[in-house]
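User: Hi! I'd like to learn how to read a protein structure feature by feature. Could you walk me through one?

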Amino acid sequence: MPDDLINSFMTGPDEKGRFGDFGGRFVSETLMPLILELEAQYEHAKTDPDFWAEMDWLWKHYVGRPSPLYYAERLTERLGGAKIYFKRDELNHTGAHKINNVLGQIILARRMGKTRIIAETGAGQHGVATATVCAKFGLKCVVYMGAHDVERQAPNVFRMKLLGAEVVPVTSGRGTLKDAMNDALRDWVTNVRDTFYCIGTVAGPHPYPAMVRDFQSIIGKETREQMMEAEGRLPDTIIAAIGGGSNAMGLFYPFLDDKDVAIIGVEAGGKGVNEKMEHCASLTGGRPGVLHGNRTYLLQDEDGQILEGYSISAGLDYPGIGPEHAWLHDVGRAQYVSITDAEALEAFKVCCETEGIIPALEPSHALAHVLKIAPDLPKDHLLVMNLCGRGDKDIFTVARALGWDMQG
Amino acid sequence: MTRIDDTFARLRAEGKKAFVAYVMAGDPDYETSREIVLGLPGAGVDIIELGLPFTDPMADGPTIQLAGQRALEAGQTLDRTLDIARALRATGDETPIVMMGYYNPIYSRGVATFLEEARAAGIDGLIVVDLPPEEDDELCLPAQAAGLNFIRLATPTTDDKRLPKVLTNTSGFVYYVSITGITGAAAAQATDVGPEVARIKAQTDLPVIVGFGIKTPEAAQAIAGVADGAVVGSAIVERIGKGEPVADVLAYVRALADGAHRG
């Protein structure tokens, strides 16, 4: 642990919402007063014991936290190296880590007197979590989802509708998460008075990246305690998949100042990080730019036009990454790698067959990297992978990709 | 004094309100767009807002989004947008050009390089939608130092407490967005806009131009009547998008300009 705050990696963002040069508040004037009000309300809530008491109660009784830290014994034996643990956030209510953050934002929205909630969603997990919490509190919910994603994540679309949300398919652009976020911002700029924008990842204008990180940090806090209990020490390596990067930031943040803990983020390599940009690896294949309210690494052409990217996983199909990840990448505190569709599919199968867990395609990317590095690590190396979502939503995509007939 | 300042001084002397027209550079293609821009001064346009296309125009409605897509698909770039400004200046025309768009294409070029190129191309001012006063160090202050006006949007959510922050470092004119919403949405009524313009003018000597949702010469006249001028964008862009001949587009612009000038 560093002895003073100057050497800490946990002090960001600064008062301008920056992590180093990344982050900020790049939004239109109409939204600026709303963002400042949100910041003030969040700063207040953050130090209010009542706020956290409500969160803790809901996390325990509604979400089912703490999620287990599970020793993946058969996988460990199969790989023959590092001792592998899964942080089981796929066991949360609604099947992913997304609800950790949604609860925080909706409680805040209620405190602010907002009656209408909007959200963007890629894989649909954030949309489902938002629709769920809105149903619980009787709030109107509108979810923007790329038309392409509506098609490939049909089960989640149906879930959102069951929960009473309005799902708006977005046809601009290529119809993925980026375009959904554009339309959510357009809605917000139009309905400023009664609407709260519940962002699903550690991106967007300040204070969203910090706020979402703080809500998701429950993952890393629990992991610390659970690992101390299980092994009497901290893990050696922690790994998570990254689209915008909220599950990863949640796991990483409480470990940032533990310099002996290696941190690895796994981006979606799609068909391979190449010049054709058929991937979503913003850090590996992008460069700094400004989109959706923050400066971060983006997939873009030489004229600053944003590229669409590609991934089999709708949840990772985003051309940017949270600004804190961009900063951790630049200062070298975390390492970022990429995994292709094919590697993720292989890991998906391995997880099903060796652990009896059907993972979402998003954490399958993180698992694929575990499969790569674990065999070469010593047996006493403690490795934690965030199993941030379950794979029920992905079975159709996987069946198609593997050429399986679901009836047969 | 920039060309924008000169234009407002002239209009004041003539007792006329300003008419500002927005078109997307490169929409539907470079040649047509260039022809339209070169025709705007003759159609009575006092200030040209030249849209810089961007893939993710998060404050724009479908009309401007589609215009940007058409332009990008036709191969429009930042360089070719500057080419259109150069083409107008090459005719000797001094109508002010305000480049309007989003920050990333500018950031990608590099702020210092961009400002040098924009100024040399004859651009007079910038409206960058996603740069609020909180980010003034990025482009606003360097632009002013380079002699370009940085025009800010004020909106119905910009209350009296925030207004001074928005007006500081704003130059050329203030663009009052008359509704909360995206471009091309329903128009505000002049009766509602008047008090808002007065509220802004109480805190600045800059001209206040009002836009968003104006579609007819009558609306342009009514809005200009309660402000220093009116902006029309989506309604013009919609006609360009329908493939109307350039002469018809310019005739429509002429009618709007006449309306605003009567305001």
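User: Let's start with the cysteines: how many disulfides does a search of the whole structure find over all chains?

Analyst: Happy to help, and one thing first: this is a predicted model. The general idea for a disulfide is to look for two cysteine sulfur atoms within 2.5 Å. Here the search over all chains gives zero disulfides. Take A:Cys198, which is in no disulfide: its nearest cysteine sulfur belongs to A:Cys134 and is 7.3 Å away. A:Cys388 is in no disulfide either, the nearest cysteine sulfur being that of A:Cys351, 11 Å away.

User: Is A:Cys198 buried or exposed? And how does A:Cys388 count?

Analyst: For this, read the relative accessible area; under 20% counts as buried. A:Cys198 has a value of 0%, so this residue is buried. A:Cys388 counts as buried too, because its relative accessibility is 4%.

User: Now a charged residue. Where does A:Glu222 lie, and which side chains make polar contacts with the side chain of A:Glu222?

Analyst: Begin with the element, then the accessibility, then the partners. A:Glu222 belongs to helix H10 of chain A, which spans residues 218–231. Its relative accessibility is 8%, so A:Glu222 counts as buried. The side chain of A:Glu222 has a polar contact of 2.9 Å with the side chain of A:Arg65 and another, of 2.7 Å, with the side chain of A:Lys87. Setting aside neighbours within four places in sequence, the residues in contact with A:Glu222 are A:Arg65, A:Pro66, A:Ser67 and A:Lys87.

User: Let me try the same steps on A:Thr284. Why does A:Thr284 count as partly exposed?

Analyst: Because its relative accessibility is 43%, and partly exposed covers the range between 20% and 50%. A:Thr284 sits in helix H12 of chain A, residues 282–285.

User: What does A:Thr284 touch?

Analyst: Not counting residues up to four places away in sequence, A:Thr284 touches A:Glu267, A:Val273 and A:Ser338. With A:Glu267 there is a polar contact between the side chains, at 3.0 Å. You can also compare sequence with space: A:Thr284 and A:Ser364 are 80 residues apart in sequence, and their C-alpha atoms are 19 Å apart.

User: Let's move on to the two chains. How many residues does the contact take from each chain?

Analyst: For an interface, count the residues on each side, then ask how much area is buried. The contact takes 40 residues from chain A and 38 residues from chain B. The buried area between the chains is about 3,000 Å², with carbon and sulfur atoms giving 48% of that. In chain A, the residues that lose the most area to chain B are A:Glu29, A:Arg186 and A:Asp303, together 23% of what that side buries.

User: What salt bridge does A:Asp303 form?

Analyst: A:Asp303 pairs with B:Arg109 in a salt bridge whose closest N and O atoms are 3.6 Å apart. Across the interface the rule finds seven salt bridges, and 23 residue pairs in polar contact.

User: Which elements of chain A give two or more residues to the side that touches chain B?

Analyst: They are strand S2 (22–26), helix H1 (32–46), helix H8 (177–190), strand S11 (287–291) and strand S12 (293–298). H8(A) gives the most, with six residues. Sorted by class, this side of chain A has 14 nonpolar, 13 polar and 13 charged residues.

How values were computed: Residues numbered from 1 in each chain as written. Chains lettered and ligands numbered in written order. Predicted model: local features only at pLDDT ≥ 70, side-chain atom pairs only at ≥ 80, totals over all residues. Heavy atoms only, no water. Contact = heavy atoms within 4.5 Å. Buried area = accessible area lost by both parts, 1.4 Å probe. Salt bridge = Lys/Arg side-chain N within 4 Å of Asp/Glu carboxyl O. Polar contact = N/O pair within 3.5 Å; in protein donor to acceptor, adjacent residues only side chain to side chain. Helix = DSSP H or I, 4+ residues; strand = E, 2+ residues; numbered from the N terminus. Nonpolar A, V, L, I, M, F, W, Y, C, P; charged D, E, K, R; others polar. Buried < 20%, exposed > 50% of the residue type's maximum accessible area, 1.4 Å probe, protein only.
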